[in-house]
Amino acid sequence: MRPLLILALTLKLGLVLGQPLIGIEFPVIKNEGQTMESFIPECWTVVDSTKGDLNGDNELDIAFAIKSKDSLTSYSFIEFEGEQRVHKMEVEKYPRSILIVALKQPGGNNFSLIEQSNSIISGLASKIQIDNRLLKIEYHSDNMERNFSNNTKYFFSYQNEQLVLIKVKRFELYAGWTQHFILDFSSQKLELTKGKLNAEKQNIIWKNLEPIQPKTMRDFESPYRWYITEGIYI
């Protein structure tokens with residue numbers, strides 16, 4: 001039962017994050033700028049930013065998330081009541097969000113836009129970081145009433161002028177039970193660990209996945225909606 005409950009809560013997170021903002025327009029970000037501020041449209045503000053070398057040219061590239069003043073969206077989600085799946089609808093207020101990634105031009109002062117994602121930063125608390133030539137996007141969510149916690153990290157590599165998802169790590173806690181997995185697209189392997197919190201022995205499962213083509217950020221679009229295998233949505 002507990003894995004089903006964890007899956008249900010994860011599905012709810014996915015539908016919250018992945019639900020398109022129907023009827024809401026997003027600005028088109030300019031292609032070049034000398035500073036981070038030069039990419040920010042009017043009435044938008046920076047909520048997180050990072051610098052680091054994404055493409056190995058020893059220049060500091062930038063990635064940052066911006067949010068609008070406000071917007072209203074509704075979303076549907078699935079919960080388990082006993083063994084039954086129940087579809088529910090809620091309305092919550094989430095600002096429109098955009099992730100912007102720009103590379104520093106060698107020998108110059110300008111940055112060039114390589115990515116504008118209108119869906120990958122949305123809804124829940126998030127953090128972005130560039131480290132070791134990887135763009136990391138981290139989500140964290142807590143539900144104290146359900147004793148539920150979720151932490152997910154997505155790792156993107158800049159390849160062939162695109163940001164490609166190469167690894168996902170997730171830790172979930174529900175009512176004293178934990179589930180942790182590492183999905184590596186390079187090795188096509190999934191390491192899955194389950195068990196009671198703080199138990200001496202955990203159940204560790206290694207899976208060889210069916211060949212999965214890694215997705216670019218544009219193909220991936222938003223977290224928690226891509227089905228990988230039973231019980232695993234990324």
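Modeller: Two strands pair if DSSP finds at least two bridges between them; strands (E, at least two residues) and helices (H or I, at least four) are DSSP runs, numbered from the N terminus. Heads up, this is a predicted model: local features need pLDDT of at least 70, side-chain atom pairs count only at pLDDT 80 or more, and totals for chains, interfaces and linings use all residues. Residues are numbered from 1 along each chain as its sequence is written, and side-chain values use heavy atoms, without hydrogens and water.

Colleague: Okay, which residue in E7 stands opposite Leu99?

Modeller: E6 and E7 run antiparallel, joined by 6 bridges. They make a hairpin with 6 residues between them, and Gly107 in the turn has a positive phi of about 70°. Across from Leu99 in E7 you'll find Ser117.

Colleague: And what's the strand order in the open sheet of 5 strands?

Modeller: Strand E3 (residues 61-68) is joined to strand E6 (residues 97-104) by 6 antiparallel bridges, with Ile62 opposite Ala102. E1 is tied to strand E7 (residues 111-117) by 2 antiparallel bridges, and Gly33 has Phe111 as its bridge partner. The antiparallel order is E1-E7-E6-E3-E2.

Colleague: Which strands are at the edges?

Modeller: An edge strand here pairs on one side only. That description fits strand E1 (32-33) and strand E2 (44-52).

Colleague: On to the aromatics: are Phe185 and Trp226 stacked or edge-to-face?

Modeller: Rings of Phe, Tyr and Trp (its six-membered ring) pair if their centres lie within 6.5 Å, with planes under 30 degrees apart counted as stacked, over 60 as edge-to-face and the rest as tilted. Phe185 sits in the loop between strand E12 (177-184) and strand E13 (189-196), while Trp226, 41 residues apart from it, is in the loop between helix H2 (217-220) and strand E15 (227-229). Their centres are 5.4 Å apart and the planes are at 10°, so the pair is stacked.

Colleague: Is Trp226 buried or exposed?

Modeller: Buried means under 20% relative accessible area, exposed over 50%, partly exposed in between (1.4 Å probe, protein chains only). Phe185, its ring partner, is at 5%. Trp226 comes in at 14%, so it counts as buried.

Colleague: Which residue puts its charged end over the Trp226 ring?

Modeller: The test is NZ of Lys or CZ of Arg within 6 Å of the ring centre and within 35 degrees of the ring normal. Trp226 also belongs to a ring-pair cluster that includes Tyr139 and Phe220. The charged end over its ring, 4.4 Å from the centre, belongs to Lys215.
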